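Please find below my notes on the model you sent, set out as numbered points. They deal with one helix pairing and with a selection of the salt bridges.

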Amino acid sequence: MMLLQQLEVGETLADIQLEPVSRLDLIKYAGASGDYNPIHTIDEEAKATGLPGVIAHGMWTMGNLSKLFTSYYEEGFIETFSIRFKGMVFLHDVIRIQATLAEKSSQALRFQVRAVNQRGEDVIAGEVMYALYEL
Amino acid sequence: MFQSFIGACSDKVKNRVERGAVKKFAAAIGDLHPIYIDEETGRKSRYKQNIAPPTFSRVFDYGTIDGLNLPAKGLIHGEQIYTFKRPLLVEEEVYCYTEIMDYYEKSGKNGKMGFLVLHNTGEDRNGEFLFKAKQVVIITETVRKEISV
């Protein structure tokens, strides 16, 4: 497998396109995270707060984004993970997660990360600082 | 409306990185990687143990702040920043607490919105830093009206 440190600035990790967002995804995340805010699972409750329907937990999308880095656990770890929630994710949206190397040193790699929907809009965007272990 | 809570802090709560909870969480974010769930992979890794996904700390109990009753529904998450010392290990104990760092309001096209800034911190049993999660929660006009009734 490729080492993260072999990546050059400007290069990207392989994108992952997620399956269309399903209600079951959000129910599972609610259960696993303990975040039972009903705007994520019950249409009537979402509509009562002015939303067109249920929206995904921002933390669900952020959690998905972190999987771009999971395979590199021997090389380093996510030291900071900062995200702005920029747009809502609705049922059936098709989300793609991306990471681009912005800066590198011998101790850390700085990635710009984002999740975009099928219309090319950012739903979350931010940075990952990946601390490298000494090899 | 939450100004008076700035600086408030909860008591530390002991949590455990439960194996079953990690597996359920990894499944919920579509990341059932062996480093999270396979004991053999964990043992052979540099961590000598399975680890938890970075956003797993969401599931911990951070205690409560007296008098602070956030609405159970309608809150919007604006920003989230994690800082980690290292990945959390499966089965380790983590001592967690929450602090209210700031509260301010801004007027926008959908009325006045409140911004509550929280820090959720995790430490080991010796009080050594493990992680911090800064969270900005947006309280919309609609929700503000509901809770002031």
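Is B:Glu40 buried, partly exposed or exposed? The second point takes this up, after a word on the kind of model.

1. The structure is a predicted model, and the remarks that follow should be read with that in mind. A search over all chains of the whole structure finds 18 salt bridges, of which I discuss a few, including one within a helix and one between chains. As background, side chains of opposite charge can pair when their charged atoms come close.

2. B:Glu40 counts as partly exposed, because its relative accessibility is 35%, a value that falls between the 20% and 50% limits for buried and exposed. Its side chain meets that of B:Lys44 in a salt bridge, at 3.2 Å from N to O, and B:Lys44 is exposed, with a relative accessible area of 65%. Both residues belong to helix α3 of chain B (residues 39-44), where they are four residues apart, or about one turn of the helix. Elsewhere, salt bridges with shared partners join B:Lys14, B:Arg16, B:Glu91, B:Glu93 and B:Arg125 into one network.

3. A salt bridge between B:Glu79 and A:Arg84 has an N to O distance of 3.6 Å. B:Glu79 is in strand β2 of chain B (residues 76-84) and A:Arg84 is in strand β2 of chain A (residues 76-85), so this pair joins two chains. B:Glu79 counts as buried at 17% relative accessibility, whereas A:Arg84 is partly exposed, with a relative accessible area of 49%.

4. Within chain A, A:Arg114 forms a salt bridge with A:Asp122, and their closest N and O atoms are 2.6 Å apart. A:Arg114 has a relative accessible area of 32% and is therefore partly exposed; A:Asp122, at 24% relative accessibility, also counts as partly exposed.

5. The helix pairing involves helix α1 of chain A (residues 23-33) and helix α1 of chain B (residues 19-28), which pack at an angle of about 150° with their axes 9 Å apart. Because angles over 145 degrees count as roughly antiparallel, α1(A) is roughly antiparallel to α1(B), and α1(A) passes α1(B) in a left-handed crossing. On the α1(A) side the contact is made by A:Lys28, A:Tyr29, A:Gly31, A:Ala32 and A:Ser33, and on the α1(B) side by B:Lys24, B:Phe25, B:Ala27 and B:Ala28. Sorted by class, the residues in this contact are five nonpolar, two polar and two charged.

Technical notes:
Residues are numbered from 1 along each chain as its sequence is written. Chains are lettered from A and ligands numbered from 1 in the order in which they are written. This is a predicted model: local features need pLDDT of at least 70, side-chain atom pairs count only at pLDDT 80 or more; totals for chains, interfaces and linings use all residues. Side-chain values use heavy atoms; hydrogens and water are left out. Axes are lines fitted to C-alpha atoms, for helices over the stretch in contact, and angles run from 0 to 180 degrees between N-to-C directions. Angles under 35 degrees count as roughly parallel, over 145 as roughly antiparallel, 65 to 115 as roughly perpendicular and the rest as oblique. A crossing is left-handed if the near helix is turned anticlockwise from the far one by less than a right angle, and right-handed if clockwise. Contact means heavy atoms within 4.5 Å. Ala, Val, Leu, Ile, Met, Phe, Trp, Tyr, Cys and Pro count as nonpolar, Asp, Glu, Lys and Arg as charged, and the others, Gly among them, as polar. A salt bridge is a side-chain nitrogen of Lys or Arg within 4 Å of a carboxyl oxygen of Asp or Glu. Buried means under 20% relative accessible area, exposed over 50%, partly exposed in between (1.4 Å probe, protein chains only).
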